[in-house]
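The following exercises are to be worked with the sequence and the coordinates at hand. Each task is followed by a solution in steps.

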Amino acid sequence: MVRDGDAHDRGESDASGERGGSDADAATDGGTDRRLVAGWEGRYYEDFAVGDVYKHPYGRTVTETDNVWFTNLSMNLNPMHFNEAYAAETEFGERLVDGTFVIALAVGMSVIDVSANATANLGYDEIRHHAPVFHGDTLFAESEVLDKRESDSRDRVGIVTTELRAYNQNDELVLSLERTPMVLKRSHAQPSAARPTGWPAGVGTQPEDLE
C-alpha cells in the first residue's frame, strides 16, 4: 500500500506553511516574515505504518572507481571485481560490481526515509542478489514497512522491519533484503528548527536573529 497522500510522512507543509503546524520557529523581521523552518529530519517510530512504501530519492550511478576502491578497502581478492582480462573470459564478459558494495549503497540510499533516527541496526536478513550490477548501472531503492513494535527494553525507541529493494535503470530487481533498526520515538527526540539533529547549540541562524 503506497500512501502518496500522506503529507505528514513526506514532511510537506500544511496550509499555514508550517510542517505539522509545530516545526517552525516563526519570527518576523520588518514584515518580511523571515522564520526558521525545520528541514527533513527523517521518520520517527510514530511515523511508520505497516504496508507503507518509500521510494527513496536520487538514483546513483555505479562507477568503476566505486568498485575498485571498495574492493581494495574490503580486501576482496576475487578477480571478478578487478581483473578485466579474467572477467572477460567469464559468462558475464566483464567485471562485476562487488555485491557488498551494492548492499552498502542500497542501505545508504534508504537511510533518509528509514533510519536517519535509528539508534542501532539489529540485523540484516534474507539478503538476495537477484541480478549482477555492472559499471555504469544506475541503481534506485525503495523500502516497504513489514512490521513495527515497541521495544521491550528501551522506551525511547521502537523496532521497525522493512524490506529494501534495489533496481537498475532497466527496472531489473538486483537486490532485496530485510533490515531491522531501532528507531527513536518523536516524543523523546524533541527536534526543532533552531537545533536540528547533529547541530550544537548556537550555530547558524537563531530565532532571536530574526526578531
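A nonpolar core is a set of buried Ala, Val, Leu, Ile, Met, Phe, Trp, Tyr and Cys residues joined through side-chain atoms within 4.5 Å. The model to which this term is applied here is a predicted one.

**Exercise 1. The nonpolar cores**

Task: Determine how many residues the largest nonpolar core has, and which of them have the most contacts inside it.

Solution.
Step 1. The largest nonpolar core has 17 residues, and those with the most contacts inside it are V62, V133, L139 and L175.
Step 2. Two or more residues of this core come from each of the elements α4, β6, β7 and β8 (173-184).
Step 3. The element that gives the most is α4, with 7 residues.
Step 4. A second, separate core has 7 residues, including Y45, F48, V114 and V145.
Step 5. For the surroundings of L139, residues up to four places away in sequence are not counted; L139 then touches G59, R60, V62, V102, L105, M109, V133, Y167, N168 and V174.

**Exercise 2. The helix α4**

Task: Compare the expected span of helix α4 (residues 99-114) with the distance between its end C-alpha atoms, and state which of its residues are buried.

Solution.
Step 1. The expected span of a helix is 1.5 Å times one less than its number of residues.
Step 2. Because α4 has 16 residues, it should span 22 Å at 1.5 Å a residue.
Step 3. The end C-alpha atoms of α4 are 22 Å apart, which agrees with the expected span.
Step 4. The criterion for a buried residue is a relative accessible area under 20%. In α4 the buried residues are F101, V102, I103, L105, A106, V107, M109, S110, D113 and V114.

**Exercise 3. The pairing of the strands**

Task: Establish which strands pair with β6 (residues 138-150), and continue the analysis from β7 to β8.

Solution.
Step 1. Strand β3 (residues 53-55) runs antiparallel to β6, and 3 bridges join the two. Within this pairing, K55 has E142 of β6 as its bridge partner.
Step 2. Strand β4 (residues 60-61) also pairs with β6 in the antiparallel sense, over 2 bridges. Here the bridge partner of R60 is L139 in β6.
Step 3. Strand β7 (residues 157-167) is antiparallel to β6 and is joined to it by 10 bridges. The bridge partner of V145 is T162 in β7, and that of E150 is G158 in β7. A hairpin through 6 residues connects β6 to β7.
Step 4. Between β7 and β8 there are 9 bridges, in the antiparallel sense. A166 stands opposite L175 in β8.
Step 5. The hairpin of β7 and β8 has 5 residues between the strands, and D171 in this hairpin takes a positive phi near 65 degrees.
Step 6. Since 9 of the 11 residues of β7 are buried, this strand is largely enclosed by the rest of the structure.

**Exercise 4. The salt bridges**

Task: State how many salt bridges a search of the whole structure finds, and analyse the pairs of R95, E142 and K185.

Solution.
Step 1. The search of the whole structure finds 10 salt bridges.
Step 2. R95 forms a salt bridge with E84, and their closest N and O atoms are 2.6 Å apart. This pair links distant parts of the chain, 11 residues apart: E84 is in helix α3 (84-88), while R95 is in the loop between α3 and α4. R95 counts as buried because its relative accessibility is 12%; E84, with a relative accessible area of 36%, is partly exposed.
Step 3. E142 forms a salt bridge with R165, the closest N and O atoms being 3.0 Å apart. E142 is in strand β6 and R165 in strand β7, and the two are 23 residues apart. E142 is buried at 13% relative accessible area, and R165 is buried at 12% relative accessibility.
Step 4. E142 and R165 also belong to a network of salt bridges that links E142, E144, E163 and R165.
Step 5. K185 forms a salt bridge with E150, with 2.5 Å between the closest N and O atoms. K185 lies in the loop between β8 and α5 (186-189) and E150 in strand β6, so this pair ties together parts that are 35 residues apart in sequence. K185 counts as buried at 12% relative accessibility, whereas E150 counts as partly exposed at 44%.

Note on methods
Residues numbered from 1 in each chain as written. Predicted model: local features only at pLDDT ≥ 70, side-chain atom pairs only at ≥ 80, totals over all residues. Heavy atoms only, no water. Helix = DSSP H or I, 4+ residues; strand = E, 2+ residues; numbered from the N terminus. Buried < 20%, exposed > 50% of the residue type's maximum accessible area, 1.4 Å probe, protein only. Pairing = 2+ DSSP bridges. Contact = heavy atoms within 4.5 Å. Salt bridge = Lys/Arg side-chain N within 4 Å of Asp/Glu carboxyl O.
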